[in-house]
Amino acid sequence: KGVMIDHRGAVNTVLDINQRFAVGPRDRVLALSRLNFDLSVYDIFGLLAAGGAIVMPAADLAQDASHWLELIASEKVTIWNAVPALMQLLAEQASHSKNAGPSLRVIMMSGDWIAVNLPAQIRRAFPKAKLFSLGGATEASIWSILYPIDQVDPDWKSIPYGTPMLNQTFHVLNSALAPCPVWVPGQLYIGGVGVAKGYWKDDQRTNASFIIHPDSGERLYRTGDLGRYLPDGNIEFLGREDFQVKVNGYRIELGEIEYHLQGHENVENCVVAVREDSPGDKRLVGYVVPKAGVEVEAAKLRDHLRSKLADYMVPSVFVFLERIPLSANGKVNRNALPAPQRASAGADADSDAPRDAVELQLIHLWETTLGVHPIGRRDNFFDIGGTSLMAVRLFAQIEKSFGRKIPLAALFKTPTIEQLAGILRSDERSGAWSCLVPFQSKGSLPPLFCVHGHTGEVLFYRDLAKRLGSGQPFYALQARGLTGGEAHLTIEEMARDYVREVRAVQPRGPYFLAGYCFGGRIAFEMAQQLREQGEEVAFLAVFDSYFAARHVQRSLKRLHRWLDARAVTGDPLLERMRYHLAHLGSLGFKERFAYIAMRGSNVLAKTRLRLNHWSWRAAYRYYSMVRRPLPRRLQNVPEINLLAAVEYKPRRFAGRLTLLLNGPVPEGFSLDQEFGWRGLLADKFDLQLVPGKQDGMFQDPNAIVLAEKMAACIEDACAHASMRAESASSDQSTPEEIPTAVLDSNPTGKLHQLH
């Protein structure tokens with residue numbers, strides 16, 4: 001919407017939280033919110049303002065609750081700040097963990113309803129943490145109201161909204177802008193220093209949402225929410241006054257979804273509603289009346305909406321009705337809309353029934369996770385409303401129930417209960433899985449093979465694979481160590497294994513390869529090995545991947561030494577000591593001891609980290625040298641991959657490369673020094689900027705733009721591969737020639753900004 005927040009409003013919120021919870025240098029927050037979500041404002045500025053630290057999850061495991069729990073324990077995270085749905089995932093994961101993160105001391109939940117049974121679940125998992133509900137709006141600097149969750153009355157229907165925060169006001173007003181008495185519902189308004197300046201270049205919307213109270217003269221923001229005063233002075237939240245809803249922190253217009261769903265050629269009538277059939281499991285459900293004589297598939301409706309809306313606006317379940325229920329006055333009776341049910345009949349129901357205890361247990365887990373009953377053993381997880389977040393929860397329950405850890409990407413290869421049960425029945429723990437994950441196996445274009453990041457997972461590629469369309473075969477390569485096989489210790493080994501997997505699907509070139517971050521190095525080595533085998537690599541792309549070449553590293557070291565030699569003292573160590581002594585001189589007596597203790601703690605932490613890193617590296621080198629399998633206890637895929645990246649010695653590549661970065665890139669950015677790919681290429685390369693932060697470029701809506709860019713790359717590469725084939729047939733070129741252009745020619749390394 002372009003909300004204009006001033007510095008004072010945001011700082012007021014940050015300082016209120018920091019003072020209220022005594023946030024200081026020892027605190028750490030787990031940053032789960034993306035930067036387009038206003039909760040991230042506190043994650044960054046709140047902790048850094050107090051001298052604390054931000055702990056960021058691995059890009060490939062951003063939705064993995066077990067990864068969150070590991071980070072909370074290993075990094076001693078003290079503050080949680082996320083929507084209730086993510087907290088519920090964490091609490092479920094912690095319920096079957098021996099180390100449930102005792103460091104957590106403050107849990108803040110906001111952005112959505114808090115189920116009344118969630119606080120008890122959190123306390124069982126994190127008994128030492130204090131729970132708080134926060135509310136407000138982006139238009140009022142993130143949060144404006146707060147409630148400490150202590151004892152939950154069993155008669156409550158919701159957790160109270162609370163009382164206003166520091167320098168802010170909250171009002172329950174009627175249509176005449178007069179205060180409502182206790183228990184009487186009214187419209188919620190926010191006042192105080194947090195109220196925004198308005199909407200950027202949108203006077204009409206600003207005037208509709210921001211008012212001056214006629215009696216008090218106070219400037220207020222009209223939230224569009226309903227609430228009422230409770231006798232103890234707290235406010236109770238009663239929901240939206242219109243059909244705007246919040247699901248997992250996203251504010252959604254139901255009317256917008258209904259408009260696009262109604263536009264499908266086979267839909268006669270439709271309604272979209274939010275259901276919460278189990279506490280805390282809020283989801284969108286589409287109710288559809290098909291046109292007479294026409295059968296409508298949920299998968300096709302889902303694809304239709306995904307082409308027009310963001311993924312979080314696509315209903316997870318569709319219910320097909322003969323008619324939409326109406327009230328006595330002719331309006332849609334939303335209370336009469338049925339809960340999602342999937343009924344099978346006759347022989348089909350019998351053939352789809354579970355055949356053994358494994359399938360029966362999986363069906364129970366799927367029904368609990370998806371909230372859909374009944375589910376057959378041949379049902380596809382994604383076709384019946386499964387999402388990536390649900391997959392995280394499901395696989396955590398599978399690990400708890402069966403004692404088997406399965407990669408999340410397994411759902412793309414085995415999306416039915418029947419197929420997943422086959423994996424769980426198998427006792428083969430090593431080599432039973434292929435690294436190749438077929439996101440899309442059909443299509444007329446050459447297959448695109450994308451390599452995992454340093455964590456080894458590939459679930460983050462899902463949106464990009466969808467946005468490239470049904471005509472683009474898309475395969476992802478996940479790490480061998482995640483699939484039950486022996487983890488590879490070097491990039492060369494990974495590349496050899498992945499090349500075998502790729503050639504099993506596509507025996508001959510030209511090949512189209514890509515890799516994210518660490519995976520960019522693997523894709524680079526795969527391209528080298530394929531060319532050595534006499535195959536053509538028509539397209540090689542790396543996402544957010546850097547390669548500080550050794551000559552670049554040496555140049556930078558020489559530069560640092562040159563600068564140090566010209567420092568005032570001539571000695572960097574003395575300069576650093578002088579800085580710390582000057583800082584200590586500006587502190588009070590007590591603060592000096594705290595500062596010395598903090599710096600000493602940091603030195604010890606860095607020393608432990610370096611020793612740990614050295615021991616891992618020595619162990620991997622030993623097992624690699626003696627060519628023996630790595631013990632299971634040492635098979636930590638992210639650690640192995642990071643060490644493999646350090647040990648990798650690249651060779652010069654006689655081909656082209658496209659580097660896709662999430663922009664914008666600062667002015668004066670040196671491509672050679674920061675990313676180092678040019679020194680490894682005999683041919684020119686291209687740099688393309690795409691929106692998104694870190695792996696955010698792979699999620700909608702950024703994935704739409706990235707897919708368009710990738711499609712253009714592949715189209716140009718196909719054209720040049722065809723030209724080379726024609727030239728080779730007439731003996732006018734050699735196999736070593738490289739295409740002269742992929743995307744825009746970029747001989748100078750100039751950045752191409754994507755609009």
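This passage describes two helix contacts, an internal cavity and two backbone features of a predicted model.

In the packing of helix H4 (residues 84-94) against helix H5 (residues 118-125), the two axes come within 9 Å of each other and cross at roughly 40°. At this angle H4 and H5 are therefore oblique to each other, and the handedness of their crossing is left-handed. On the side of H4, the residues that make the contact are Pro 84, Met 87, Gln 88, Ala 91, Glu 92 and Ala 94, while H5 takes part through Leu 118, Gln 121, Ile 122 and Ala 125. Sorted by class, the residues in the contact of H4 with H5 comprise 7 nonpolar, 2 polar and 1 charged.

A second helix pair is formed by H10 (residues 357-370) and H13 (residues 417-425), which pack at an angle of about 125° with their axes 9 Å apart. H10 and H13 are therefore likewise oblique to each other, but the crossing of H10 and H13 is right-handed, whereas that of H4 and H5 is left-handed. From H10, the residues Val 358, Glu 359, Leu 362, Ile 363 and Trp 366 meet a set in H13 that consists of Ile 417, Glu 418, Leu 420, Ala 421, Leu 424 and Arg 425. The contact of H10 with H13 has 8 nonpolar and 3 charged residues, with no polar residue by class.

Turning to internal space, the structure holds 3 cavities of 30 Å³ or more, and the second largest cavity encloses about 60 Å³. This second largest cavity is lined by 11 residues, of which Ala 479, Arg 480, Gly 481, His 488 and Asn 641 are the closest to its centre. Helix H15 (491-505) and helix H20 (637-647) each supply at least two residues of the lining, and H20 gives the most, with 3 residues. By class, the lining of the second largest cavity is made up of 6 nonpolar, 4 polar and 1 charged residues.

Two features of the backbone were also noted in loops. The peptide bond that runs from Gly 509 to Pro 510 is cis, with omega near 5°, and Pro 510 lies in the loop between H15 and strand S23 (511-516); H15 is also one of the helices that contribute to the lining of the second largest cavity. Elsewhere, Leu 177 has a positive phi of about 65° although this residue is not a glycine, and Leu 177 is found in the loop between strand S9 (168-173) and strand S10 (186-192).

Technical notes: Residues numbered from 1 in each chain as written. Predicted model: local features only at pLDDT ≥ 70, side-chain atom pairs only at ≥ 80, totals over all residues. Heavy atoms only, no water. Axes fitted to C-alpha atoms, helices over the stretch in contact; angles between N-to-C directions. Helix = DSSP H or I, 4+ residues; strand = E, 2+ residues; numbered from the N terminus. Parallel < 35°, antiparallel > 145°, perpendicular 65-115°, else oblique. Left-handed = near helix turned anticlockwise from the far one by under 90°. Contact = heavy atoms within 4.5 Å. Nonpolar A, V, L, I, M, F, W, Y, C, P; charged D, E, K, R; others polar. 1 Å grid on protein atoms, 1.4 Å probe; cavity = no way out; pocket = protein on both sides within 12 Å on 5 of 7 lines; lining within 4 Å. Points joined across faces, edges and corners; volume = space filled by probe spheres on them.
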